[in-house]
Number of protein chains: 2
Amino acid sequence: VKTLTLARDLRRRRARERHGLFVAEGVRTVEELLASPLDVRGLLVSPQLLAAPRGRELRERVEARGLSVAEVSEQDFASAAETDTPQGVLAIARAPAARLEDLDLSPPATLVVLDGVQDPGNVGTILRTAAALGAAATVALPGTVDLWNAKVVRSAMGAHFHHPAVSCTVDELDAFLAARSIPLWGADARGAPVATVPRPESVALAVGNEGAGLGPAVRARVSQLVSLPIASRVESLNVAVAAGILLYELRR
Amino acid sequence: VKTLTLARDLRRRRARERHGLFVAEGVRTVEELLASPLDVRGLLVSPQLLAAPRGRELRERVEARGLSVAEVSEQDFASAAETDTPQGVLAIARAPAARLEDLDLSPPATLVVLDGVQDPGNVGTILRTAAALGAAATVALPGTVDLWNAKVVRSAMGAHFHHPAVSCTVDELDAFLAARSIPLWGADARGAPVATVPRPESVALAVGNEGAGLGPAVRARVSQLVSLPIASRVESLNVAVAAGILLYELRR
């Protein structure tokens, strides 16, 4: 019951920040979490998990590690889960303390900056892509969905467990980048085609809200706007696809 | 009530195919549909639409065009809608008859082939990306979610209204490509890095299921597997992001 109460509480961002904990849902995400160096506090499982062979194996592995497993009814489990198909398992783990100052930014480094990206699936997909394409970190500015939201963690397919995910204000990011002479670029349809702009040694690339694009605070601080060549009758790319192509184009 | 009954019926793929109709949900998708040359049969609206100024404008524009608008209760509207936030409006329209033989494949042409892609959001995002990056068409093979599913239409942000979306069997695709000497490539982590393979004049690029990748029937017919360079500890990219980067790399 204690694990159940905690899991329910952790659906709120404030509670996640106060406890320094987050929730990973679904068999695959929990498996990735268990294979990572992160500190797992406990699991909540429902009868649904134990109906599948992969689920039973997962539970055995977890118990062999001496982790606490709380078994609850489907109804109680559903009251704690955040994703659509949690598959009867969620794990509570300590979120790695990620601060801008702690990032390893040995050049050439690429930072992905999220400015008001609101869909958890988009944010999770961007974290997954940033990890896959070797970005140094993903930074969330205010207005972006919490990087440790359970839906974001699920969509990121384990990226959180080895790729630094940091939240900060625009001023904090600006001071941090200025101190390291790292330019801030922004993705915008009116920018220069990205393939035509020489890449700086290190760069921070900001992508904006799904509907409105970059916000005024980031726009005011960007030294270069970059775009992708798209057909004139299409308004825009999905933000996660755009981020993926830009990171691919900028990779070193 | 007739529009309501029809909209409910059109949630099933069979009914969409029998009637040759599909459903577009949400203010923005319906606006894109109205701006397209497609034949709109009628709208279903709920009080929610008329609570927003943009919704009232939409309704006025629709009525000015002489289109039939059926107003139903929130509850009835919800019984017909498929997406999470339909915003109180859906439109029924004729699906353009898209057959492989009708495609304009003047070289260089790129076709996107979906082999068992199951998530409607991924499929819609791939259609949106294919349209944006100038692909000639998107082709869905069996096992892929229906291209005219309302969630796919919503995610594609209007791509269906000007980008050809075709369903066929692997044999039909194979015969079609063979007759035009267009090679079939497949995206696979074990393939050659895409940037190292010379692009044929025209090419069909297949991407596979979210978990299992390409199926055996497509694998047996592919002349070239191509991959993207990703970090070793990351298993894969999201299929829509991978398709986007590959299309960007292959664009002419």
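User: How do I read a helix that packs on a sheet, and which strands does helix α5 of chain B lie across?

Analyst: Look for the strands that the helix touches, then for the angle between the helix and one of them. In this predicted model, helix α5 (residues 53-64) of chain B lies across β2 (40-45), β3 and β4 of chain B. The helix runs at about 135° to β3(B).

User: In what order do the strands of that sheet of chain B stand, and is the sheet open or closed?

Analyst: Strand order is read across the sheet, not along the sequence. In chain B, four strands form an open sheet in the order β1-β4-β2-β3, with mixed pairing. Its edges are β1 (21-25) and β3 (69-71) of chain B, each of which pairs on one side only. From one strand to the next, the twist averages 20°.

User: In which sense do β1(B) and β4 of chain B pair, and over how many bridges?

Analyst: Follow the two strands and see how their directions compare. β1(B) pairs with β4 (residues 89-94) of chain B in the antiparallel sense, over five bridges. To find a point on the ladder, start at Glu25(B), which stands opposite Leu90(B) in β4(B).

User: Chain A has a sheet of six strands. What is its strand order, and is the pairing parallel or antiparallel?

Analyst: The sheet of chain A is open, its order is β7-β6-β5-β9-β8-β10, and the pairing is parallel. β7 (165-167) and β10 (224-227) of chain A are the edge strands, pairing on one side only. The twist of this sheet averages 35° from one strand to the next. Near one edge of the list, β8(A) and β10(A) run parallel and are joined by five bridges. One place to look is Gly186(A), whose bridge partner in β10(A) is Leu225(A).

User: Which strands do α7(A) and α11(A) touch?

Analyst: Take each helix in turn. α7(A) packs on the sheet against β5, β6 (137-140), β7 and β9 (203-208) of chain A, and its direction makes about 175° with that of β5(A). α11(A) touches β5, β8, β9 and β10 of chain A, and its direction makes about 160° with that of β9(A).

User: How is the size of an interface given, and what area is buried between chain A and chain B?

Analyst: Interface size is often given as the accessible area lost when the parts come together. Between chain A and chain B about 2400 Å² is buried, and carbon and sulfur atoms give 59% of that area. The contact takes 28 residues from chain A and 28 residues from chain B.

User: How many salt bridges and how many residue pairs in polar contact are there across this interface?

Analyst: The count of salt bridges between the chains is zero. The rule finds eight residue pairs in polar contact across the interface, both residues at pLDDT 80 or more. On the side of chain A that touches chain B, α3 (27-34), α7 (120-132) and α11 (239-250) of chain A each supply at least two residues. α11(A) gives the most, with six residues. By class, that side of chain A has 15 nonpolar, six polar and seven charged residues.

User: Which backbone features should I check, and where is Ser181(A)?

Analyst: Most residues other than glycine have a negative phi, and most peptide bonds are trans. Ser181(A) is not a glycine, yet has a positive phi of about 55°. Ser181(A) sits in the loop between α9 (170-179) and β8 (184-193) of chain A.

User: Where are the cis peptide bonds that involve Pro108(A) and Pro108(B)?

Analyst: Omega is the angle to read. A cis peptide bond joins Pro107(A) and Pro108(A), with omega about 0°, and Pro108(A) is in the loop between β4 (89-94) and β5 (110-115) of chain A. In chain B, the bond from Pro107(B) to Pro108(B) is cis, with omega near 0°. Pro108(B) lies in the loop between β4 and β5 (110-115) of chain B.

Methods. Residues are numbered from 1 along each chain as its sequence is written. Chains are lettered from A and ligands numbered from 1 in the order in which they are written. This is a predicted model: local features need pLDDT of at least 70, side-chain atom pairs count only at pLDDT 80 or more; totals for chains, interfaces and linings use all residues. Side-chain values use heavy atoms; hydrogens and water are left out. Contact means heavy atoms within 4.5 Å. Buried area is the accessible area (1.4 Å probe) that two parts lose on being put together, summed over both. A salt bridge is a side-chain nitrogen of Lys or Arg within 4 Å of a carboxyl oxygen of Asp or Glu. A polar contact is a pair of N or O atoms within 3.5 Å; within protein, one must be able to donate a hydrogen and the other to accept it, and residues adjacent in sequence count only if both atoms are side-chain atoms. Ala, Val, Leu, Ile, Met, Phe, Trp, Tyr, Cys and Pro count as nonpolar, Asp, Glu, Lys and Arg as charged, and the others, Gly among them, as polar. Two strands pair if DSSP finds at least two bridges between them. Axes are lines fitted to C-alpha atoms, for helices over the stretch in contact, and angles run from 0 to 180 degrees between N-to-C directions.
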